[in-house]
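Here is a brief report on pockets, a surface patch and some backbone details. Have the sequence and the model open as you read.

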Amino acid sequence: MAKLVWDKVGDRTYETGVDHGVLYIPGSDGIYDEAHPWNGLVTVTESPSGAEASPQYADNIKYLNLISAEEFGATIEAFTYPDEFAQCDGTVSPSKGVTIGQQPRKTFGLSYRTLFGNDVSGTEHGYKLHLVYGALAAPTERAYGTVNDSPEAITFSWELSTTPVEVPGFKPSALLTIDSTKVDAADLAALETILYGSDSGAGTARLPLPTEVIELFAAAGS
């Protein structure tokens with residue numbers, strides 16, 4: 001076995017940025033076939049929780065560790081949000097320009113892209129697509145401040161909890177991540193056409209369920 005080498009040229013990778021946010025509203029059949037671009041994303045903080053060890057003792061020794069279920073949550077911070085997100089934020093509009101809060105919140109899906117760079121190509125090296133399913137936004141505070149000599153636009157923030165969806169051959173999950181540097185380029189382009197739609201109008205943008213995503217890349221051995 002060759003000697004380990006650290007910090008080789010091209011191996012100094014990092015992740016940065018967030019863009020290409022898309023909100024997906026599911027229909028009554030659970031299919032995320034309604035898509036809306038999410039402009040003004042500032043941060044998406046992924047916050048998995050759970051998977052905590054619960055030690056069990058017997059025979060005067062630590063007998064085993066039981067691991068609690070893992071859950072996926074996130075926090076979205078943005079300057080703005082799609083009008084269609086209002087129904088996911090507990091708001092309804094009985095007439096144009098009038099909104100009512102504290103209403104039932106609708107689940108939604110989300111996709112966003114983060115840049116994947118290295119020391120040779122910078123942020124042009126690649127990117128990762130993050131697909132989130134079964135998200136539910138919790139109420140969060142909004143701070144409106146006076147305009148002064150150092151004006152700043154307010155940012156909106158939402159904490160998300162999720163309900164995992166079925167993943168064939170694996171445990172249910174609420175998050176899929178696709179690395180552009182490791183998958184077939186043609187398959188990746190096909191997925192992006194599904195996520196974002198196309199100029200030809202061949203199909204409306206939608207969020208494919210994990211089964212479809214896995215099958216899409218499986219043919220290329222990804």
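The text below covers the pockets, then the surface, then two backbone angles. The model is predicted.

**Pockets**

Start with the largest pocket. Its volume is about 310 Å³. The lining draws on several stretches of the chain. P48 is one of the lining residues, and A69, E70, E71 and F72 are also among them. T162 and P164 take part too. K171, P172, S173, A174 and L175 complete the lining. By class, that makes 7 nonpolar, 2 polar and 3 charged residues.

The second largest pocket has a volume of about 220 Å³. Y81, D83, A86 and D89 are among its lining residues. T91, V92, S93 and T99 line the second largest pocket as well. This lining divides into 3 nonpolar, 3 polar and 2 charged residues.

**Surface**

Which residues form a nonpolar patch on the surface? They are I61, Y63, L64 and L66. Together they have about 390 Å² of accessible area. Take L64 from this patch. L64 sits in strand β6, which spans residues 61-67. Its relative accessibility is 34%, so L64 counts as partly exposed. Exposed would need over 50%.

A35 belongs to strand β2, residues 34-38. A35 also counts as partly exposed, because its relative accessibility is 26%. How far apart in space are A35 and G17? The C-alpha to C-alpha distance is 22 Å. In sequence, A35 and G17 are 18 residues apart.

**Positive phi angles**

Most residues other than glycine have a negative phi. Two residues here call for a look at the backbone. D59 has a positive phi of about 55°, although D59 is not a glycine. D59 is in the loop between β5 (53-58) and β6. Q102 likewise has a positive phi, near 60°, and is a residue other than glycine. Q102 lies in the loop between β10 (98-100) and β11 (108-118).

Are D59 and Q102 buried or exposed? D59 counts as exposed because its relative accessibility is 67%. Q102 is exposed too, with a relative accessible area of 84%.

The table sets the four residues with accessibility values side by side.

| Residue | Location | Relative accessibility |
|---|---|---|
| L64 | strand β6 (residues 61-67) | 34%, partly exposed |
| A35 | strand β2 (residues 34-38) | 26%, partly exposed |
| D59 | loop between β5 (53-58) and β6 | 67%, exposed |
| Q102 | loop between β10 (98-100) and β11 (108-118) | 84%, exposed |

Definitions and conventions: Residues are numbered from 1 along each chain as its sequence is written. This is a predicted model: local features need pLDDT of at least 70, side-chain atom pairs count only at pLDDT 80 or more; totals for chains, interfaces and linings use all residues. Side-chain values use heavy atoms; hydrogens and water are left out. On a 1 Å grid over the protein atoms alone, a cavity is a set of points where a 1.4 Å probe fits but cannot get out, and a pocket is an open set with protein on both sides within 12 Å along at least five of seven lines; lining residues have an atom within 4 Å of a point. Grid points are joined across faces, edges and corners, and a volume is the space filled by probe spheres set on the points. Ala, Val, Leu, Ile, Met, Phe, Trp, Tyr, Cys and Pro count as nonpolar, Asp, Glu, Lys and Arg as charged, and the others, Gly among them, as polar. Patches are made of residues with over 30% relative accessible area and no salt bridge: like charges are joined within 9 Å, nonpolar side chains (Val, Leu, Ile, Met, Phe, Trp, Tyr) within 5 Å. Accessible areas come from the Shrake-Rupley method with a 1.4 Å probe; for residues, only the protein chains shown count as cover. A salt bridge is a side-chain nitrogen of Lys or Arg within 4 Å of a carboxyl oxygen of Asp or Glu. Helices (H or I, at least four residues) and strands (E, at least two) are DSSP runs, numbered from the N terminus. Buried means under 20% relative accessible area, exposed over 50%, partly exposed in between (1.4 Å probe, protein chains only).
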